[in-house]
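I am opening a notebook on a structure I have not looked at before. The entries below follow the order in which I looked things up.

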Amino acid sequence: MPVFKAPLQGILGLAVLCALHAPALAADADAGAKIAAQGGAQGAAACVSCHGSQGEGGANFPPLAGQPAGYLQRQLEAMAANQRKSPIMGPLAKALTASEKADVAAYYARLALPVKPKQGALPTAKSSDGAWLVERGRWADGIPACAKCHGPGGAGVGQDFPAIGHLSASYMQSQVDAWKNQSRDAGPLGLMGAIAQKLTAKDIEDAAAYYQQLHSGSH
Ligand code: HEC
Ligand code: HEC
């Protein structure tokens, strides 16, 4: 029996993973480009009017370009189901069909992410608080390094961990607030929802400032 069990679990795990990511793989990014530019068939507004012509985002709108398709699709589903509450995006996400969500997610995932994976130096005594938090974490408070999940330079990992190395401090703070007041779903395994409870406003400013410095090359 034990001989049988391990490979079986492996196969089951693979099947679950494939099932989770299959919609993103079957998606039509070209159809997604049309939705981004012109809106959806059921009346969803054109994404470009808020998220920018290349998904670069704006002062009040997060960037979408280069985020993992699986992540983007899951956010659209969560916003449509009101598990991630957004007065602006909620009705829009509801107006996208399941395949439109997958298509538009595939389109944005195809665009270039403005930050590249970039390994920061391991912090020393002289390093900033942001460097410590991002590269080492703050274990006294049970906070793992952001880099552990969001990758080197905060450029994202796989389909579940979005890039954060290019996000504004104000957008990051708005999301941390949303997790704190339970208006955003805690995400895969509840990982980010739990960490957000422990992050202060200074942590977010420090992390955003560190990422900016890292990617501007002056670090
Ligand atoms: C009227 C402005 C507006 C339009 C049009 C719009 N969005 Fe948004 N979008 C927003 C705002 C505001 C947020 C941030 C919501 C929040 O605070 O959680 C957002 C967030 C998102 C997110 C979550 C991003 C992240 O990093 O988690 C996705 C995905 C998204 N929008 C996709 C789309 C798509 C696809 C379209 C086109 C069908 C679209 N949006 C059209 C305003 C807009
Ligand atoms: C244990 C893994 C893990 C660690 C460590 C982690 N995150 Fe996350 N984070 C996630 C996951 C998973 C998501 C996606 C949540 C979802 O799907 O809604 C996420 C999402 C985010 C988002 C939302 C991005 C968007 O586009 O809306 C921000 C901001 C964020 N994390 C900041 C941080 C910061 C800052 C740190 C370090 C202090 C950190 N994270 C550490 C797992 C982690």
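**Entry 1: the shell around ligand 1**

I began with the residue classes around ligand 1 and found 17 nonpolar, six polar and one charged residues in its shell. I am working from a predicted model. The shell comes to 24 residues, and I noted Cys 47, Cys 50, His 51, Tyr 71 and Met 89 as the closest.

Next I looked up polar contacts to the ligand. I found a polar side-chain atom of Arg 84 at 2.8 Å from an oxygen atom of ligand 1. For Tyr 171, I noted a side-chain N or O atom 3.2 Å from an oxygen atom of ligand 1. The side chain of Gln 175 also has an N or O atom 3.2 Å from an oxygen atom of this ligand. I then asked which elements give two or more residues to the shell, and listed α3 (48-51), α4 (69-80), α5 (89-94) and α9 (169-180). Of the elements, α4 gives the most, with five residues.

**Entry 2: the iron atom of ligand 2**

Which protein atoms are donors to the iron atom of ligand 2? I found NE2 of His 150 and SD of Met 192, lying 2.0 to 2.2 Å from the iron. I placed His 150 in helix α8 (residues 146-150) and Met 192 in helix α10 (residues 191-196), so the pair ties together parts that are 42 residues apart in sequence.

I then checked the geometry. The iron atom has six donor atoms, with angles of 87 to 179° among them, and the site is octahedral. For reference, I wrote down that the ideal angles for six octahedral donors are 90 or 180 degrees.

Are the two protein donors buried or exposed? His 150 has 10% relative accessibility, so I entered it as buried, the limit being under 20%. Met 192 has a relative accessible area of 24%, so I entered it as partly exposed.

**Entry 3: Ala 37**

Last, I looked up a single residue, Ala 37, and found it in helix α2 (residues 29-38). Its relative accessible area is 44%, and I recorded Ala 37 as partly exposed because that class runs between 20% and 50%.

What does Ala 37 touch, leaving out residues up to four places away in sequence? I found Ala 46 and Val 48. I also checked Ala 37 against Gly 52, which is 15 residues apart from it along the chain, and noted a C-alpha separation of 9.8 Å.

Key: Residues are numbered from 1 along each chain as its sequence is written. Chains are lettered from A and ligands numbered from 1 in the order in which they are written. This is a predicted model: local features need pLDDT of at least 70, side-chain atom pairs count only at pLDDT 80 or more; totals for chains, interfaces and linings use all residues. Side-chain values use heavy atoms; hydrogens and water are left out. Helices (H or I, at least four residues) and strands (E, at least two) are DSSP runs, numbered from the N terminus. Buried means under 20% relative accessible area, exposed over 50%, partly exposed in between (1.4 Å probe, protein chains only). Contact means heavy atoms within 4.5 Å. Donors are N, O and S atoms within 2.8 Å of the metal (3.2 Å for Na, K and Ca); water is not among the atoms, so sites may look incomplete. Four donors count as tetrahedral if all angles lie between 85 and 135 degrees; four count as square planar and six as octahedral if opposite donors are over 155 degrees apart and all others between 65 and 115; anything else is irregular. A residue is near a molecule or strand if one of its heavy atoms lies within 4 Å of it. A polar contact is a pair of N or O atoms within 3.5 Å; within protein, one must be able to donate a hydrogen and the other to accept it, and residues adjacent in sequence count only if both atoms are side-chain atoms. Ala, Val, Leu, Ile, Met, Phe, Trp, Tyr, Cys and Pro count as nonpolar, Asp, Glu, Lys and Arg as charged, and the others, Gly among them, as polar.
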